[in-house]
Structure formats: structure tokens, C-alpha cells
Amino acid sequence: QAYIIKPTDGETLPETFTVQFGLSGIDLAPAGVEQDNAGHHHLLIDQVELPDLTSSLPATEQIRHFGKAQTETDLTLSPGEHTLQLVLGNYAHVPHDNPVISEPIKVTVK
């Protein structure tokens, strides 16, 4: 299970804030390290639909890669409403056959 520890759903935030990633039942491993039952986080920002979960996730402004197995990041977003969601990817940034995806949360940036 992947989940966002912080911020919380519905929270109002400054333009720059910290996002903390949570994970249970699966291990963290950096990109390029092939390990069973492991992966690293990808943060989806304002994605209306999930990306293709059968191929390598692209690195874009809306899909941020954390290939060093990071568990948090500082994020700067424009004022307004935003959605955040996590997808775990394997050593090659491909989501698992049974994708590990967090519930999306909505935040408001002031």
C-alpha cells in the first residue's frame, strides 16, 4: 500500500510545502536495482487520468520520479487546487502487475 502521509486531504498549504510518502507491505528500492516486492515512488501531480500502468512512467512535470528511493520531497505549486497521488514503480519505472497506487488527495495552495 502506498499513501501520502503529509499533507492531508483538503489541507491548505503555502506555495512550497513538503510531501511525505508512506509505504507498507512492500520494500523501497532505487531505480535500476532489480528486487522482488520492491519499488520506488512516482508522484502524480494534477493527473486527470492514471498514466499507462503497463510501461515505464515518463518523467514529466506532472510525473515526478524518486528513483533514489526518497520518502519525501519539497514541492512548489501555483496557487489553486491540486491533486497528488503516488504510484510505485519497479527498477525500470514500470508499475507492478498489481499496481501499488495511493488514493489521490486534494490540496489548496494559497
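Here are some short exercises with worked solutions on the predicted model shown above.

**Exercise 1. The overall build**

Task: Find how many helices and how many strands the protein has, and in what order the elements run.

Solution:
- Step 1: Count the elements, which gives nine strands and zero helices.
- Step 2: Start at the N terminus and read along the chain, and the order is β-β-β-β-β-β-β-β-β.
- Step 3: Turn to the dimensions, where the C-alpha trace spans about 40 × 25 × 20 Å along its principal axes.

**Exercise 2. Checking against a compact globule**

Task: Decide whether the radius of gyration agrees or disagrees with that of a compact globule.

Solution:
- Step 1: Take the chain length, 110 residues, for which a compact globule would have a radius of gyration near 13 Å.
- Step 2: Compare this with the protein, whose radius of gyration is 13 Å, so the two agree.
- Step 3: Look at the contacts between residues at least 6 apart in sequence; 62% of them join residues at least 24 apart.
- Step 4: Add the burial, with 38% of the 110 residues counted as buried.

**Exercise 3. Surface and charge**

Task: Describe the accessible surface of the protein and its charged side chains.

Solution:
- Step 1: The accessible surface comes to about 6000 Å².
- Step 2: Carbon and sulfur atoms account for 47% of that surface.
- Step 3: Among the side chains, 15 are negative and 5 are positive.
- Step 4: The centres of these two sets lie 10 Å apart.

**Exercise 4. A salt bridge**

Task: Find which side chains meet in a salt bridge, and say how exposed each of the two residues is.

Solution:
- Step 1: The count for the model is one salt bridge.
- Step 2: Its partners are Glu-61 and Arg-64, with 3.1 Å from N to O.
- Step 3: This distance passes the test because the cut-off is within 4 Å.
- Step 4: Glu-61 has 62% relative accessibility and counts as exposed.
- Step 5: Arg-64, at 25%, is partly exposed.

**Exercise 5. Backbone details in the loops**

Task: Locate a cis peptide bond and two residues other than glycine with positive phi.

Solution:
- Step 1: Go to the bond from Lys-6 to Pro-7, which is cis with omega near 5°.
- Step 2: Place Pro-7 in the loop that links β1 (2-6) and β2 (12-13).
- Step 3: Move on to Asn-37, whose phi is positive, near 55°. Asn-37 sits in the loop between β4 (27-28) and β5 (38-45), and at 47% relative accessibility it is partly exposed.
- Step 4: Finish with Asp-46, which has a positive phi of about 55°. Asp-46 belongs to the loop between β5 and β6 (63-65); its relative accessibility is 28%, so it counts as partly exposed.

**Exercise 6. Two residues in strands**

Task: Work out whether Thr-73 and Gly-39 are buried or exposed, and list what each one touches.

Solution:
- Step 1: Thr-73 is part of strand β7 (residues 72-76).
- Step 2: Its relative accessibility is 17%, and because the cut-off is under 20%, Thr-73 counts as buried.
- Step 3: Beyond its neighbours within four places in sequence, Thr-73 contacts Phe-17, Thr-18, Val-19, Phe-21, Leu-43 and Phe-66.
- Step 4: Gly-39 lies in strand β5, and its 1% relative accessibility makes it buried.
- Step 5: Setting aside residues up to four places away, Gly-39 touches Asp-27, Leu-28, Ala-29, Leu-88, Gly-89, Asn-90 and His-96.
- Step 6: Gly-39 and Tyr-3 are 36 residues apart in sequence, and their C-alpha atoms are 14 Å apart.

**Exercise 7. Two prolines in one loop**

Task: Describe the place and the surroundings of Pro-99 and Pro-104.

Solution:
- Step 1: Pro-99 is found in the loop between β8 (80-89) and β9 (105-109), and Pro-104 is also in the loop between β8 and β9.
- Step 2: Pro-99 is partly exposed at 32% relative accessibility; Pro-104 is partly exposed at 44%.
- Step 3: From Pro-99 to Gln-47 there are 52 residues in sequence and 16 Å in space, C-alpha to C-alpha.
- Step 4: From Pro-104 to Glu-81 there are 23 residues in sequence and 13 Å in space, C-alpha to C-alpha.
- Step 5: Leaving out neighbours within four places in sequence, Pro-104 is in contact with Leu-84 and Gln-85.

Conventions. Residues numbered from 1 in each chain as written. Predicted model: local features only at pLDDT ≥ 70, side-chain atom pairs only at ≥ 80, totals over all residues. Heavy atoms only, no water. Buried < 20%, exposed > 50% of the residue type's maximum accessible area, 1.4 Å probe, protein only. Helix = DSSP H or I, 4+ residues; strand = E, 2+ residues; numbered from the N terminus. Rg over C-alpha atoms; globule rule 2.2 N^0.38 Å. Contact = heavy atoms within 4.5 Å. Areas by Shrake-Rupley, 256 points an atom, 1.4 Å probe, with all protein chains shown as cover. Lys, Arg positive; Asp, Glu negative; His and termini not counted. Charge placed at Lys NZ, Arg CZ, Asp CG, Glu CD.
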